[in-house]
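Trainee: I would like a close look at a single part of this protein, and I choose its nonpolar interior. Please take me through that part slowly, and then show me how the rest fits around it.

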Amino acid sequence: MSLTVADVAASREFFHTHLGYQVAMAADGFASLTRGDAAADIVLLQCGNEVLPPEQRDQQAAGLIFALTVTGIEAEERRLREAGAPITMPLREEPWGERLFQLTDPNGVVVQFVEWAAQEEPAQGDEPAQNEAPAQLEEPVQSEEPVQSEEQPAMHVITPTAENVTESPNARMTGLAAPSRGSEQLSTWTVAMEAGQTGPEHVINREQVWTVTAGALDVTCDGRTEKISAGQTLVLPPDVLRQVHAPEAAEAHVAMRADGVASVPGTEGTRVLPWAQ
């Protein structure tokens with residue numbers, strides 16, 4: 001698999017440290033990675049590399065999931081978490097029988113670990129080969145998921161924990177509802193900022209709704225600045241440059257469609273919001 005990325009060294013170190021890949025070949029703007037088992041080999045190419053066709057040189061790996069099937073997924077997730085790996089979607093089980101979690105590398109490449117949950121015993125003589133398990137995905141989705149959905153609870157209570165907190169130099173985000181925590185369509189989180197803190201200029205591709213619950217925030221959007229005080233709600237449109245400043249200590253509750261990503265002027269590609277995954 002060949003991935004075009006902005007920082008080859010960062011992805012190379014990520015795949016070596018957390019997934020055990022070794023460097024087979026490397027040069028300026030290029031690295032070939034391999035493993036001693038059946039996992040796919042990876043080629044990393046620097047964005048803009050002249051070996052790429054001109055129409056592909058400025059593209060970067062995005063919108064893909066590099067999935068690896070494993071056994072003992074709980075132990076693997078625990079190993080990676082203890083090693084400080086950037087887990088952006090904690091371990092979860094899907095209604096159709098997949099157990100999975102995700103990492104995201106410094107260039108935004110999503111790596112997914114997948115293990116199939118125990119299935120009912122197939123009829124005698126009809127047992128599939130072990131390496132055919134992923135091909136069974138369509139059958140449970142079509143025949144079993146509607147039945148299971150009727151058994152899902154009407155409500156889901158989410159209690160934030162320390163692992164849902166993300167600290168940045170400018171704010172503290174505490175993840176609430178998200179796809180990894182029981183929500184299918186929306187992500188919500190709280191933001192806490194100390195007096196004088198200012199977030200970076202950035203763009204979000206989805207509409208956001210901010211409700212200030214304590215203090216006040218100065219929000220600049222598309223060149224216009226508004227002061228939002230406790231009790232007020234601000235609707236931020238998608239795909240518009242914005243920046244948040246705390247003239248005093250403040251807290252806010254934020255809601256967004258769950259598939260939102262960020263981009264920062266002067267950098268390439270998009271970034272996931274770990275607290276909203």
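Mentor: Happy to! One term comes first: a residue counts as buried when its relative accessible area is under 20%, as exposed when that area is over 50%, and as partly exposed in between. By that rule, 36% of the 277 residues in the protein chain are buried. Please keep in mind that this is a predicted model. Its pLDDT averages 83 over the protein chain, and 86% of the residues reach at least 70. Be careful with residues 128-149, where pLDDT stays under 50.

Now to the part you asked for. In soluble globular proteins, nonpolar side chains tend to be buried together. Here the largest nonpolar core holds 25 residues, and those touching the most other members are Trp189, Val191, Met193, Trp210, Leu217, Val219 and Leu273. Several strands feed this core: E11 (186-193), E13 (208-214), E14 (216-221), E16 (233-236) and E18 (250-257) each supply at least two residues. The biggest giver is E18, with four residues.

So let us stay with E18 for a moment. Follow its residues on your screen and you will find two faces. Ala250, Ala252, Val254 and Met256 make up the covered face, while Glu251, His253, Ala255 and Arg257 make up the uncovered one.

Next, look at the neighbours of E18. Strands of a sheet pair through backbone hydrogen bonds, either parallel or antiparallel. E18 pairs with E11 in the antiparallel sense, over eight bridges. To find that pairing, locate Met193, which stands opposite Ala250 in E18. You have already met both residues: Met193 was among the core members touching the most others, and Ala250 sits on the covered face of E18. E13 also runs antiparallel to E18, joined to that strand by six bridges. Here you can use Thr211 as your marker, opposite His253 in E18; His253 belongs to the uncovered face.

Val219 is another core member worth a visit. Leaving out residues up to four places away in sequence, Val219 touches Arg224, Thr225, Glu226, Ile228, Leu234, Leu236, Gln243 and Val244. Just along the chain from E14 comes the loop that leads to strand E15 (224-229), and Asp222 has its place there. Most residues other than glycine have a negative phi, and most peptide bonds are trans. Asp222 has a positive phi of about 55° although it is not a glycine. Because its relative accessibility is 64%, Asp222 counts as exposed. A similar story waits in the loop between E16 and strand E17 (242-245), where Asp239 lies. Asp239 has a positive phi of about 60°, again without being a glycine. With 56% relative accessibility, Asp239 counts as exposed too.

That brings us to the rest of the chain. There is a second, separate core of 24 residues, which includes Val8, Phe15, Val70 and Leu103. Elsewhere you can trace an open sheet of four strands in the order E5-E8-E7-E6, with mixed pairing. E5 (65-69) and E6 (87-93) stand at its edges with a single partner strand each, so one side of each is left without a neighbour in the sheet. Neighbouring strands here are turned by 15° against each other on average, direction ignored. E5 runs parallel to E8 (residues 110-116), and five bridges join the two. Ile65 stands opposite Val110 in E8. Helix H1 (residues 8-19) packs on this sheet, touching E5, E7 (98-104) and E8, and its direction makes about 25° with that of E8.

Let us finish at the start of the chain, with a residue in strand E1 (residues 2-5): Thr4. Is Thr4 buried or exposed? Its relative accessible area is 13%, so Thr4 is buried. Not counting residues up to four places away in sequence, Thr4 touches Leu45, Gln46, Cys47, Leu52, Gln59, Gln60 and Ala61. As you step back, the secondary structure of the whole protein chain comes to four helices and 20 strands.

Note on methods: Residues numbered from 1 in each chain as written. Predicted model: local features only at pLDDT ≥ 70, side-chain atom pairs only at ≥ 80, totals over all residues. Heavy atoms only, no water. Pairing = 2+ DSSP bridges. Axes fitted to C-alpha atoms, helices over the stretch in contact; angles between N-to-C directions. Contact = heavy atoms within 4.5 Å. Core = buried A, V, L, I, M, F, W, Y, C linked by side-chain atoms within 4.5 Å. Buried < 20%, exposed > 50% of the residue type's maximum accessible area, 1.4 Å probe, protein only. pLDDT = per-residue confidence, 0-100.
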